[in-house]
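The following exercises concern domain contacts, helix packing and a ligand shell. Please work through each task before reading its solution.

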Amino acid sequence: MARTVIIEEFGGPETMQIVDRPVGDPGPGEIRIRHEFAGLNFIDVYQRTGLYPNDLPLTLGMEAAGIVEAVGEGVNHLSPGDRAAYASMPPGAYCEARVMPAAQVMKLPDGIGADTAAAMMLQGLTVQYLFHRTTPIQKGDTVLFHAAAGGVGLIACQWARSEGINLIGTAGTDEKCQLALDHGASHCINYRQEDFAAKVRELTGGKGVDVVMDSVGADTFEGSLDSLKPLGMMISFGNASGPVPPLNIGILGQKGSLKITRPTLFTHIADHHTCQAMANHLFEKVEKGDVAINISQRFTLDDIRAAHETLEARKTTGSTIIEI
Ligand code: NDP
């Protein structure tokens with residue numbers, strides 16, 4: 001049996017409850033993993049509210065680290081006793097143990113602890129695909145990155161610095177802006193106090209940026225388009241402030257032949273070998289010290305409601321983990 005967080009209806013943090021659930025044995029292509037830590041991600045909020053559709057009842061959580069207990073037929077990259085971590089679909093990480101597909105579960109290098117791994121798989125693999133698999137970004141290019149002091153944000157600031165990319169961040173307080181600067185952002189705009197698109201124009205000598213990485217959604221979408229250079233690329237990859245309203249694509253022409261994409265991590269990591277290559281790149285960045293994983297908040301499974309409330313209230317910085 002495993003203590004497991006489930007929801008039986010979509011809604012607020014109060015919908016999450018802990019139940020005991022049988023775990024079972026892995027079938028072909030599956031493993032059973034005992035979790036030490038799960039990662040907390042904003043996507044968990046979208047799953048809980050039903051913004052991203054799933055069947056009910058649902059166990060939340062897209063990321064965790066722990067010890068492999070058993071492997072099913074055809075699983076060759078993991079063995080019982082391995083330290084491992086994953087970001088994967090379907091959700092189900094907020095629990096003591098689970099049976100799950102093995103393809104996205106990665107064996108951990110000795111130098112990376114389980115807490116760090118649980119904090120970095122989903123957010124770090126996201127930064128990997130944003131900078132290397134979405135649009136060509138060269139050394140010296142300038143990227144505008146919203147919510148730069150968040151979990152994905154602080155990894156992005158450091159990743160950009162290590163690649164020689166200028167990252168202009170935005171964040172909701174001056175303290176968060178300072179944190180983004182300390183992690184490698186070249187500038188950071190407090191977008192609750194300043195018109196960020198106007199400030200971006202000023203910072204880039206009127207030109208605009210090459211790429212915008214926007215996970216805030218409704219509140220920032222328009223300003224993000226206004227921050228781009230002609231032919232610039234808008235990467236809309238989240239909706240922390242609400243979904244982006246329907247787009248009249250003619251706007252992209254009027255604003256200078258802009259490009260737009262709406263990626264998700266789970267398309268990029270669907271293939272095991274690609275996922276492994278992306279994870280190796282992330283492990284290398286962390287082991288070299290180019291990227292440090294900031295675990296700024298720790299909660300327990302019993303505190304899961306408080307964890308969600310804190311994240312949604314914009315009171316977190318960096319990454320957050322759940323101790324199992
Ligand atoms: P964060 O730690 O970045 O938390 C979200 C941040 O968004 C907040 O701290 C806050 O920072 C900012 N924000 C702006 N407006 C709001 C609002 N109205 N309500 C709440 N927060 C707001 O979360 P994660 O690092 O987990 O994820 C960052 C984003 O990236 C999320 O939108 C997530 O869905 C997306 N994502 C997308 C993926 C993909 O593949 N498409 C994969 C992984 C993440 P501030 O106060 O500074 O504004």
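Two residues are in contact if their C-beta atoms, placed from the backbone, lie within 7 Å. This is a predicted model, in which local features need pLDDT of at least 70, side-chain atom pairs count only at pLDDT 80 or more, and totals for chains, interfaces and linings use all residues. Residues are numbered from 1 along each chain as its sequence is written.

**Exercise 1.** Determine how many residues of domain 1 and domain 2 are in contact.

*Solution.* The chain is first divided into domain 1 (2-123 + 266-323) and domain 2 (135-262), with bounds from an automatic or database domain assignment. The C-alpha centres of the two domains lie 27 Å apart. Across the boundary, 14 residues of domain 1 are in contact with 15 residues of domain 2.

**Exercise 2.** Classify the packing of helix H2 against helix H9.

*Solution.* Helices here are DSSP runs (H or I, at least four residues), numbered from the N terminus. H2 (residues 114-132) and H9 (residues 272-288) pack at an angle of about 105°, their axes being 9 Å apart. Axes are lines fitted to C-alpha atoms over the stretch in contact, and angles run from 0 to 180 degrees between N-to-C directions. H2 and H9 are therefore roughly perpendicular (65 to 115 degrees). Among the contacting residues are Met 120 and Tyr 129 of H2 and Met 278 and Val 286 of H9.

**Exercise 3.** State which residues come nearest to the ligand.

*Solution.* The shell holds 28 residues, of which Gly 150, Gly 151, Gly 172, Ser 215 and Gly 238 come nearest; a residue is near if its C-beta atom, placed from the backbone, lies within 6 Å of the molecule. Each domain supplies at least three shell residues.

How values were computed. Helices (H or I, at least four residues) and strands (E, at least two) are DSSP runs, numbered from the N terminus. Angles under 35 degrees count as roughly parallel, over 145 as roughly antiparallel, 65 to 115 as roughly perpendicular and the rest as oblique.
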